[in-house]
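Please open your viewer and keep the sequence panel beside it. We will go from stop to stop, with something to select at each one.

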Amino acid sequence: MEDKTICTNRAATHQYFILDRYEAGIVLEGSEVKSLRLNNVNLKDSFCLVHNGELFIKNMHIALYDKAGAFSTRDSRRDRKLLLHRDEIIKLNSKVAQKGLTLVPLRLYFKQSLIKLELGLCQGKHTYDKKQSLMEKDRKREKERELKNYR
């Protein structure tokens with residue numbers, strides 16, 4: 001069955017080299033799930049970190065569900081716990097301790113009835129790397145245009 005993507009972090013592919021990908025569950029409240037079903041989420045400035053052996057996502061914005069009433073008093077950018085096996089968290093923590101590696105959320109999606117988050121173990125790009133990837137993207141786009149016009 002195909003996964004339904006809720007939100008992607010397009011800025012992450014521009015700013016980082018993605019070395020490895022992980023799938024994690026996420027702890028949410030009912031009103032947050034309803035807001036996610038309406039695609040009211042933003043991953044742009046969010047990041048992940050390990051604290052006391054647990055993995056958290058910080059700064060992910062989930063808009064307050066308007067029909068929740070008095071029950072949705074939580075902050076829309078609160079820290080949310082991610083669900084991974086303990087050995088995966090330990091492995092990620094040791095890799096993040098290396099120089100220049102970070103955990104970045106790449107995609108939020110429905111897998112059957114569950115909400116999953118795709119994490120990327122990433123290394124930051126330098127300015128010249130970003131320029132080079134943009135030039136490659138432009139070349140690829142030009143090539144596709146020429147092939148389209150050739151047919």
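Start by selecting Asn9 and showing what surrounds it: beyond its neighbours up to four places away in sequence, Asn9 touches Leu43, Lys44, Val104, Pro105 and Leu106. The model you are looking at is a predicted one. Asn9 sits in the loop between β1 and α1, the helix of residues 10–15. Is this loop residue buried or exposed? Asn9 counts as buried, at 6% relative accessibility.

**Zoom out to the whole chain**

Now colour by secondary structure. You should find four helices and nine strands. Walking along the sequence, their order is β-α-β-α-β-β-β-β-β-α-β-β-α. If you hide everything but the C-alpha trace, its extents along the principal axes are about 60 × 40 × 30 Å.

Switch on a surface next. The chain exposes about 10300 Å², and carbon and sulfur atoms supply 49% of that area. Of the 151 residues, 32% count as buried. To see charge, colour the charged side chains: there are 31 positive and 20 negative ones, and the centres of the two sets lie 2 Å apart.

How much of the contact network joins residues 24 or more positions apart? Among contacts with a separation of 6 or more, such pairs account for 68%.

**Into the nonpolar core**

Select Leu55, Leu82, Leu108 and Leu119 together and show them as sticks. In the largest nonpolar core, which has 24 residues, these four touch the most other members. At least two core residues come from each of β1 (4–8), β2 (16–26), β5 (54–58), α3 (86–96), β8 (101–111) and β9 (114–124). Which element gives the most to this core? That is β9, with four residues.

Stay with Leu82 and show its surroundings. Leaving out residues up to four places away in sequence, Leu82 touches Ala24, Gly25 and Ile26, then Cys48, then Leu55, Phe56 and Ile57, and finally Leu117 and Leu119.

**Cysteines**

Cys48 was on that list, so to speak, as a partner of Leu82; select it now. Cys48 lies in strand β4 and is buried, at 6% relative accessibility. Apart from neighbours within four places in sequence, Cys48 is in contact with Leu55, Phe56, Ile57, Leu82, Leu103, Pro105 and Leu119. For a sense of distance, draw a line from Cys48 to Asp3: the two are 45 residues apart in sequence, and their C-alpha atoms are 22 Å apart in space.

How many disulfides does the model have? The count comes to zero. A disulfide is a covalent bond between the sulfur atoms of two cysteines. The cut-off used here is a pair of cysteine sulfur atoms within 2.5 Å. Cys48 makes no such bond because its closest cysteine sulfur, in Cys122, is 9.7 Å away, which is too far. Now select Cys7: its closest cysteine sulfur is in Cys48, 13 Å away, so that pair is too far for a bond as well. Cys7 is buried too, with a relative accessible area of 12%.

**Two asparagines with positive phi**

Most residues other than glycine have a negative phi. With that in mind, select Asn39 and read its backbone angles. Asn39 is not a glycine, yet its phi is positive, at about 60°. You will find Asn39 in the loop between α2 (30–37) and β3 (41–42), where it counts as partly exposed at 42% relative accessibility.

Then move to Asn52, which also has a positive phi without being a glycine, at about 55°. Asn52 sits in the loop between β4 (47–51) and β5. Is Asn52 buried or exposed? Asn52 counts as exposed, at 70% relative accessibility.

**Last stop: Gln123**

Finish by selecting Gln123 in strand β9. Gln123 is partly exposed, with a relative accessible area of 35%. Which residues are in contact with Gln123, once neighbours within four places in sequence are left aside? They are Tyr16, Phe17, Leu19, Gly100 and Leu101. One more distance to draw: the C-alpha atoms of Gln123 and Val104 are separated by 9.7 Å, with their positions 19 residues apart along the chain. Val104 also takes us back to the opening stop, as one of the residues that Asn9 touches.

Key. Residues numbered from 1 in each chain as written. Predicted model: local features only at pLDDT ≥ 70, side-chain atom pairs only at ≥ 80, totals over all residues. Heavy atoms only, no water. Buried < 20%, exposed > 50% of the residue type's maximum accessible area, 1.4 Å probe, protein only. Contact = heavy atoms within 4.5 Å. Areas by Shrake-Rupley, 256 points an atom, 1.4 Å probe, with all protein chains shown as cover. Lys, Arg positive; Asp, Glu negative; His and termini not counted. Charge placed at Lys NZ, Arg CZ, Asp CG, Glu CD. Core = buried A, V, L, I, M, F, W, Y, C linked by side-chain atoms within 4.5 Å.
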